[in-house]
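Let's take a walk through a protein together, starting with its cysteines and then moving out to its strands. Keep the picture open as you read.

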Amino acid sequence: MQTSKQNPRMDVTMPMHPVEVRPVGEEEVLFSWQDGHRSLFPYRFLRLNCPCAGCRDEWSGKRLIALDKIPAEIKALEMAPVGRYAIRFRWSDRHETGIYGYDFLLALCLCEACQKEKGKDSKKEIEKKKAK
């Protein structure tokens, strides 16, 4: 888990949380984190990765919902914080039980720096490999 800073009064590491969450166009949401990092997520990607027990097996993490059941044009109708640790979305397909922890979202980050840190190729690197 990424952390922001030590709480001097409690000597406990505080989890990273966003300072801003806002829609970008009709298909994405941008999280701006305390440390300046930014995570841009397509709505469909977040919906496909919903962590609720109806969408994921809580023990194995295996996806339970069929990908074709989620509309390509899915939208977030509402976003609401859950304490200081998560956000909940109300989706246009009427799904709203997923609680997306901020540590979970940071682990899902699609930015090039995070993908490299995870050892995954960025979109640019994949395109270069395809061109060879």
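How many disulfides does the structure hold? Zero, in this predicted model. A disulfide, in case the word is new, is a covalent bond that links the sulfur atoms of two cysteines. To be counted as one here, two cysteine sulfur atoms have to lie within 2.5 Å. Take Cys-52: the nearest cysteine sulfur belongs to Cys-55 and sits 3.6 Å away, and Cys-52 is in no disulfide. Because its relative accessibility is 9%, Cys-52 counts as buried. Now look at Cys-109, which is in no disulfide either. Its nearest cysteine sulfur is that of Cys-114, at 3.7 Å. Is Cys-109 buried or exposed? With a relative accessibility of 0%, Cys-109 counts as buried.

Let's zoom out for a moment. The protein chain has four helices and eight strands. If you follow the sequence from start to end, you'll read the pattern β-β-β-β-β-α-β-β-β-α-α-α. The chain is made of 132 residues, and buried residues make up 31% of them.

Next stop: the sheet built from β3, β4 and β5. These three strands form an open sheet in the order β3-β4-β5, with antiparallel pairing. Why is one side of β3 and of β5 left without a neighbour in the sheet? Both β3 and β5 (38-42) stand at the edges and have a single partner strand each, so there's one side of each with no neighbour in the sheet. From one strand to the next, the twist averages 15°. Zoom in on β3 and β4 (residues 28-33), and you'll find six bridges holding the antiparallel pair. For one spot to click on, try Val-24, which stands opposite Glu-28 in β4.

Now find His-17, which has its place in the loop between β2 (12-15) and β3 (18-24). You might guess that a loop residue sticks out, so check the number: His-17 has a relative accessible area of 17% and is buried. The cut-off for buried is under 20%, so His-17 makes it. What does His-17 touch, leaving aside residues up to four places away in sequence? The answer is Trp-33, Gln-34, Arg-84 and Tyr-102. With Arg-84 there's also a polar contact: the two side chains are joined at 3.3 Å.

Further along the chain come β6, β7 and β8. Strands β6 (residues 76-82) and β7 (residues 86-91) run antiparallel and are joined by six bridges. Here Ala-80 stands opposite Arg-88 in β7. Together, β6 and β7 form a hairpin with three residues between them. One residue in that turn to look up is Gly-83, which has a positive phi of about 60°. On to β8 (residues 99-101): this strand runs antiparallel to β7, and three bridges join the two. Which residue in β8 is the bridge partner of Ala-86? It's Gly-101.

Finally, let's look at the chain as a whole. Take the contacts between residues at least 6 apart in sequence: 32% of these join residues at least 24 apart. As for the outside, the accessible surface of the protein chain comes to about 8900 Å². Carbon and sulfur atoms account for 52% of that surface.

Note on methods
Residues numbered from 1 in each chain as written. Predicted model: local features only at pLDDT ≥ 70, side-chain atom pairs only at ≥ 80, totals over all residues. Heavy atoms only, no water. Buried < 20%, exposed > 50% of the residue type's maximum accessible area, 1.4 Å probe, protein only. Polar contact = N/O pair within 3.5 Å; in protein donor to acceptor, adjacent residues only side chain to side chain. Contact = heavy atoms within 4.5 Å. Pairing = 2+ DSSP bridges. Axes fitted to C-alpha atoms, helices over the stretch in contact; angles between N-to-C directions. Areas by Shrake-Rupley, 256 points an atom, 1.4 Å probe, with all protein chains shown as cover.
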